[in-house]
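The following exercises concern the fold, the overall shape and the nonpolar regions of one protein model. Each task is followed by a worked solution.

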Amino acid sequence: MTSFRAPALALAGLIAFLLLWEAIPHFGLVNPAFLPGPSVLPAAFWREVTSGAWLSAIVGSLGHYFTGLILGSGLGVAAGVLVGMSRLAEEATAWVVRVLRPIPGLAWVPFAIIWFGVNPAAAVFIIAIGVFWIAFFAAQGAIRGVDRDLIEVADAFGFRSPWQRLVKILLPAALPGILVGLRTALGQAWMAVVAAEIFGVAGVGQRMMQASSLLATDIVVIYMLTMAALYGLLDTAFVAFQNWVLRWKA
């Protein structure tokens with residue numbers, strides 16, 4: 001019975017949350033135009049699907065999402081590994097990192113529009129900026145955290161060149177930390193998608209802004225839940241991939 005308690009409590013909590021959510025607009029505590037109840041969402045979702053708007057928005061956003069995620073994470077990991085391996089590189093880039101890191105992704109929107117125009121390239125740029133620093137710090141920290149005794153062992157076995165150390169020692173040892181950073185980047189990239197699309201690039205963000213301007217809050221909630229579901233699927237798939245890659249740790 002104990003094994004069923006946690007799922008049962010989780011289900012009960014979800015049902016209670018949905019009932020409370022439904023009750024708030026139903027009893028007039030909040031105007032339903034501002035907070036639609038969950039009972040109206042299936043019909044709204046079906047309208048979006050049958051009109052083709054839902055699939056078009058999702059396909060557009062997934063294209064921006066994966067391109068920005070791969071580009072930003074790839075560059076972030078590469079830069080983080082390079083800086084983590086070299087004390088000289090770390091010292092040379094210290095103030096560059098301190099200046100650029102606090103700038104939020106939304107602050108780059110004007111430059112994205114100026115440089116790329118209102119098109120998918122601008123959205124990809126914003127998403128890539130959003131995940132770059134997560135991947136960078138995860139990779140840098142993981143490389144710097146590798147046990148120095150492993151480096152000495154590598155020297156003893158003749159792995160003295162930077163490339164040999166990287167491939168044989170540093171990357172395998174740092175991989176768990178790098179993957180943790182990439183998992184965090186998965187979620188950050190979804191948060192950046194909306195910000196990257198609100199200025200007119202076709203996708204979930206643009207569709208949400210269109211719906212909000214018409215007070216179609218049920219449509220806004222549909223896309224919020226859609227993003228949550230997509231993130232859940234991607235995170236589950238990434239965890240399975242992570243466990244497979246790190247199966248040697250089991």
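**Exercise 1.** Determine how many helices and strands the protein has, and assess its overall shape.

*Solution.* Step 1: the predicted model contains ten helices and zero strands. Step 2: read from the N terminus, the order of elements is therefore α-α-α-α-α-α-α-α-α-α. Step 3: for 250 residues the globule rule gives 18 Å, whereas the radius of gyration is 23 Å, well over that value, so the protein is more spread out than a compact globule. Step 4: along the principal axes, the C-alpha atoms fill a box of roughly 75 × 60 × 30 Å.

**Exercise 2.** Identify the largest nonpolar core and the elements that give two or more residues to it.

*Solution.* Step 1: this core has 40 residues, and Tyr-65, Leu-69, Ile-126 and Val-204 have the most contacts inside it. Step 2: the contributing elements include helix 3 (53-85), helix 6 (120-144) and helix 8 (162-197). Step 3: the greatest contribution, nine residues, comes from helix 10. Step 4: a second, separate core of eleven residues includes Val-77, Val-81, Ala-142 and Ile-143.

**Exercise 3.** Classify Phe-17 as buried, partly exposed or exposed, and describe its surroundings on the surface.

*Solution.* Step 1: Phe-17 lies in helix 1 (residues 2-26). Step 2: its relative accessible area is 48%; buried means under 20% and exposed over 50%, so Phe-17 is partly exposed. Step 3: Phe-17 forms a nonpolar surface patch with Leu-11, Leu-14, Ile-15, Leu-18 and Leu-19, and together these residues have about 570 Å² of accessible area.

Technical notes: Residues are numbered from 1 along each chain as its sequence is written. This is a predicted model: local features need pLDDT of at least 70, side-chain atom pairs count only at pLDDT 80 or more; totals for chains, interfaces and linings use all residues. Side-chain values use heavy atoms; hydrogens and water are left out. Patches are made of residues with over 30% relative accessible area and no salt bridge: like charges are joined within 9 Å, nonpolar side chains (Val, Leu, Ile, Met, Phe, Trp, Tyr) within 5 Å. Accessible areas come from the Shrake-Rupley method with a 1.4 Å probe; for residues, only the protein chains shown count as cover. A salt bridge is a side-chain nitrogen of Lys or Arg within 4 Å of a carboxyl oxygen of Asp or Glu. Helices (H or I, at least four residues) and strands (E, at least two) are DSSP runs, numbered from the N terminus. Buried means under 20% relative accessible area, exposed over 50%, partly exposed in between (1.4 Å probe, protein chains only). A nonpolar core is a set of buried Ala, Val, Leu, Ile, Met, Phe, Trp, Tyr and Cys residues joined through side-chain atoms within 4.5 Å. The radius of gyration is taken over C-alpha atoms; the globule rule is 2.2 Å times the number of residues to the power 0.38.
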